[in-house]
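Here are my notes from going through this one, as numbered points. Have the viewer open while you read, and jump around as you like.

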Amino acid sequence: MADAETKPSAEADLVYRLEDKPPFLNALISAVTHLLAIFVPMVTPALIVGGALQLPVEMTAYLVSMAMVASGIGTFLQVNRFGPVGSGMLSIQSVNFSFVGVMISLGISMREGGLDENAMISTLLGVSFVGAFLVCGAAWVLPYLKRVITPTVSGVVVLLIGLSLIHIGIIDFGGGFGAKGTEDFGSLRNIGLAAFVLVVVLLFNCMRNPFLRMSGIAVGLIAGYIAALLMGMVDFSALKDVPLVTVPTPFKYGFAFDWTAFLVAGTIYLLSVFEAVGDLTATAMVSGQPYEGETFQKRLRGGVFADGLVSVIATALGSLPLTTFAQNNGVIQMTGVASRHVGKFIATILVLFGLFPVVGRAFTTIPSPVLGGAMVLMFGLIAMAGVRIIMTHGINRREAVIAATAVGIGLGVAFEPDVFKMLPEVFRNAIAAGGITAVLLNLILPHDRQDKPVFLSGEG
């Protein structure tokens with residue numbers, strides 16, 4: 001009954017439904033619109049990790065290129081639904097922001113431990129490769145995981161991810177990790193450029209046109225890049241002697257594994273499963289598909305399984321882990337195009353972009369303040385998304401205590417990671433420590449049926 005009631009209201013606003021095949025030009029325009037929503041968030045994580053870990057330009061460029069290739073492969077698997085793999089909906093894959101802060105903190109500790117760039121990246125990607133299989137397994141036990149990882153738990157994790165990333169964003173705002181400790185860090189030139197980007201993004205975010213709002217970050221980065229060019233802050237040396245084609249090479253930097261890092265990455269993988277569940281549910285809703293019942297459960301299981309499998313492929317090729325992106329649900333609503341066949345166009349374009357290394361190299365020329373101006377807002381929005389997830393089903397005293405304690409522990413570890421130096425390394429990562437705290441409290445604290453949840457709307 002729920003399935004039947006769900007579809008008509010959503011499908012009424014669709015121009016092209018799930019199985020419709022739009023004409024070539026319409027499909028191409030719709031694909032480009034989706035790419036505008038994900039392109040900046042897709043390449044930015046590699047740029048941020050590369051800058052924070054001070055990786056060589058060619059290594060960062062390869063991470064960017066493989067992010068595009070892997071996103072294209074992942075999108076193709078999701079929209080086509082091969083057997084148990086894929087949601088069969090317009091589910092777009094892109095780099096998972098949840099891993100940015102984790103990769104940076106783990107990488108820095110590895111560097112301090114004496115590892116060079118190759119050994120560090122091979123370990124980070126090796127750990128991520130193995131951890132991705134946890135997501136594949138989680139797809140088959142989703143009903144059981146839902147009892148442990150509630151909206152409060154997953155919301156706390158997303159909130160901590162956003163808050164942790166803000167620290168990285170503000171460093172780029174001031175000039176980047178490479179400028180820290182120099183007079184250039186926090187200079188008026190850097191802050192002025194970052195502030196200009198932020199103002200442009202905010203102006204576009206205030207516009208009524210959904211397309212202009214969605215394009216705000218991309219426009220802000222373009223405007224900031226042009227300003228940086230005029231100020232002489234863009235270094236084009238990375239574009240010299242660029243090969244014509246990038247050949248994806250499995251385990252290009254080798255394969256290494258570290259159990260301590262695996263515990264941290266594995267925790268983030270499992271907790272991010274429920275972010276994917278939320279995104280896939282939203283995609284079903286805006287696509288006029290059932291979001292309850294057996295049909296939906298199969299789509300959900302296939303989508304999460306694809307998330308894990310795609311991350312296996314991505315990390316083997318040299319990309320950060322991937323996930324289903326929420327931004328594209330807004331594009332479906334805006335354009336009325338829910339056809340999964342559009343995803344094939346998106347996948348093809350992404351793979352082609354990734355195979356030409358000049359595209360990845362071009363992104364490495366973006367100055368840190370330009371990235372920082374946009375990222376401060378983007379990471380703040382991630383934190384606010386965590387708050388919204390926590391409030392999904394209202395919040396009562398028990399949930400408030402869980403969230404407050406977990407956020408307190410997580411942020412406390414972010415400020416003073418050595419406070420838990422006697423415990424396993426996983427507890428020295430803010431996101432993992434806060435997430436584990438939330439899971440444990442959710443299992444331990446008793447429920448009080450008389451404690452009614454409070455909703456933002458005032459309705460219960």
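1. Let's start in the interior, bearing in mind that this is a predicted model. Leaving out residues up to four places away in sequence, Thr-123 touches Met-110, Leu-115, Ala-256, Phe-257 and Asp-258. Its home is helix H5, which runs over residues 117–138. Is Thr-123 buried or exposed? It comes out as buried, since its relative accessible area is 7%, and the cut-off for that label is under 20%.

2. Next, another threonine, this time in helix H11. Thr-267 has a side chain that reaches the backbone oxygen of Leu-263 at 2.7 Å. Not counting residues up to four places away in sequence, Thr-267 also touches Val-426, Ala-432 and Ile-436. With 17% relative accessibility, Thr-267 counts as buried.

3. Thr-364 is worth a stop as well. You'll find it in helix H15, residues 357–364. Which residues does Thr-364 contact, once neighbours within four places in sequence are set aside? They are Leu-47, Val-57, Thr-60, Ala-61 and Ala-238. Take Val-57: it sits 307 residues from Thr-364 along the chain, yet their C-alpha atoms are separated by 6.9 Å. The side chain of Thr-364 also reaches the backbone oxygen of Arg-361, at 2.5 Å. As for exposure, Thr-364 has a relative accessible area of 22%, so it is labelled partly exposed.

4. On to the charged pairs. How many salt bridges does the structure hold? Three. One of them joins Glu-19 to Arg-340, with the closest N and O atoms 3.1 Å apart. Glu-19 is in the loop between helix H1 (2–11) and helix H2 (24–52), while Arg-340 is in the loop between helix H13 (327–335) and H14, so this pair ties together parts that are 321 residues apart in sequence. The two partners get separate labels: Glu-19 is partly exposed at a relative accessible area of 47%, whereas Arg-340 counts as buried at 16% relative accessibility.

5. Then there is Asp-184 with Arg-189, where the closest N and O atoms of the salt bridge are 3.8 Å apart. Keep the 4 Å limit in mind when you read that distance. Asp-184 counts as partly exposed at 31% relative accessibility, and Arg-189 is partly exposed too, with a relative accessible area of 39%.

6. The pair Glu-399 and Arg-398 also makes a salt bridge, and here the closest N and O atoms are 2.9 Å apart. Is Arg-398 buried or exposed? Arg-398 counts as buried, at 6% relative accessibility. Glu-399 is buried as well, its relative accessible area being 13%.

7. Now the surface. Which residues make the nonpolar patch of about 900 Å²? The members are Leu-229, Phe-236, Leu-239, Leu-244, Val-245, Val-247, Leu-352, Phe-353, Phe-356 and Val-358. Leu-352 makes a handy landmark: it belongs to helix H14, residues 342–355. With a relative accessible area of 45%, Leu-352 is partly exposed, so it clears the bar of over 30% that patch members need.

8. A couple of backbone oddities for your torsion plot. Arg-81 isn't a glycine, yet it has a positive phi of about 55 degrees. Arg-81 is placed in the loop between helix H3 (57–80) and strand S1 (93–95), and it counts as partly exposed at 30% relative accessibility. Phe-251 has a positive phi too, about 50 degrees, and is likewise not a glycine. Its spot is the loop between helix H10 (216–230) and helix H11 (259–286). Phe-251 counts as partly exposed, at 31% relative accessibility.

9. Last, the cysteines. A disulfide is a covalent bond between the sulfur atoms of two cysteines. How many disulfides does the structure hold? Zero. For two of the residues you might look up here, Cys-136 counts as buried at 9% relative accessibility, while Cys-206 counts as exposed at 66%.

Definitions and conventions
Residues are numbered from 1 along each chain as its sequence is written. This is a predicted model: local features need pLDDT of at least 70, side-chain atom pairs count only at pLDDT 80 or more; totals for chains, interfaces and linings use all residues. Side-chain values use heavy atoms; hydrogens and water are left out. Patches are made of residues with over 30% relative accessible area and no salt bridge: like charges are joined within 9 Å, nonpolar side chains (Val, Leu, Ile, Met, Phe, Trp, Tyr) within 5 Å. Accessible areas come from the Shrake-Rupley method with a 1.4 Å probe; for residues, only the protein chains shown count as cover. A salt bridge is a side-chain nitrogen of Lys or Arg within 4 Å of a carboxyl oxygen of Asp or Glu. Helices (H or I, at least four residues) and strands (E, at least two) are DSSP runs, numbered from the N terminus. Buried means under 20% relative accessible area, exposed over 50%, partly exposed in between (1.4 Å probe, protein chains only). A disulfide is a pair of cysteine sulfur atoms within 2.5 Å. Contact means heavy atoms within 4.5 Å. A polar contact is a pair of N or O atoms within 3.5 Å; within protein, one must be able to donate a hydrogen and the other to accept it, and residues adjacent in sequence count only if both atoms are side-chain atoms.
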